[in-house]
Amino acid sequence: VVATYSLTSSPMSAFIEDASFVRLRELWLRVRLGRRISSAAGSTELVLSARNLATWTGYSGLDPEVGSLHGAGLRMGEDRSYPLMRSVSAELRVAW
């Protein structure tokens, strides 16, 4: 209530926050293994990948990309909305 009656340019500006961000969304590395390691196979590769590693932002909420509309779109919030999960995976590709 106090923020609504503040001396800002707009009554709702007290509820608006800068949500600019930089995100390291995906990183991967592919390594071709040598003939000694993969002597029986034609070629062998090891692929490591990671997703949603880091987000740099001044936003005070959970994630600047997360939001949900309520009702007729009159209210925006992070109610029951969660940031994307961080994941790391490894894959071994063998071609005979």
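The legends below accompany several views of a predicted model of a protein chain.

**View 1. Overall layout of the protein chain, an all-strand arrangement with 0 helices and 5 strands.** Read from the N terminus, the elements follow the order β-β-β-β-β. Of the 96 residues in the protein chain, 16% are buried, and the chain exposes about 7900 Å², of which carbon and sulfur atoms supply 59%. Among contacts with a separation of 6 or more, 58% are accounted for by residues 24 or more positions apart.

**View 2. Surroundings of Glu17, in the segment before β1 (21–32).** Once neighbours within four places in sequence are left aside, Glu17 is in contact with Gly58, Tyr59 and Ser60. The C-alpha atom of Glu17 is separated by 9.8 Å from that of Pro64, although the two residues are 47 residues apart along the chain. Glu17 has a relative accessible area of 39% and therefore counts as partly exposed, since that class lies between the 20% and 50% limits.

**View 3. A nonpolar patch on the surface, formed by Leu29, Val31, Leu46, Leu48, Leu92, Val94 and Trp96.** Together these residues have about 690 Å² of accessible area, and at least two residues of the patch come from each of β1, β2 (43–57) and β5 (87–95).

**View 4. Val94, a member of the nonpolar patch that lies in strand β5.** The relative accessible area of Val94 is 37%, so this residue is partly exposed; the value also satisfies the requirement of over 30% relative accessible area that applies to residues of a patch.

Definitions and conventions: Residues are numbered from 1 along each chain as its sequence is written. This is a predicted model: local features need pLDDT of at least 70, side-chain atom pairs count only at pLDDT 80 or more; totals for chains, interfaces and linings use all residues. Side-chain values use heavy atoms; hydrogens and water are left out. Helices (H or I, at least four residues) and strands (E, at least two) are DSSP runs, numbered from the N terminus. Buried means under 20% relative accessible area, exposed over 50%, partly exposed in between (1.4 Å probe, protein chains only). Contact means heavy atoms within 4.5 Å. Accessible areas come from the Shrake-Rupley method with a 1.4 Å probe; for residues, only the protein chains shown count as cover. Patches are made of residues with over 30% relative accessible area and no salt bridge: like charges are joined within 9 Å, nonpolar side chains (Val, Leu, Ile, Met, Phe, Trp, Tyr) within 5 Å. A salt bridge is a side-chain nitrogen of Lys or Arg within 4 Å of a carboxyl oxygen of Asp or Glu.
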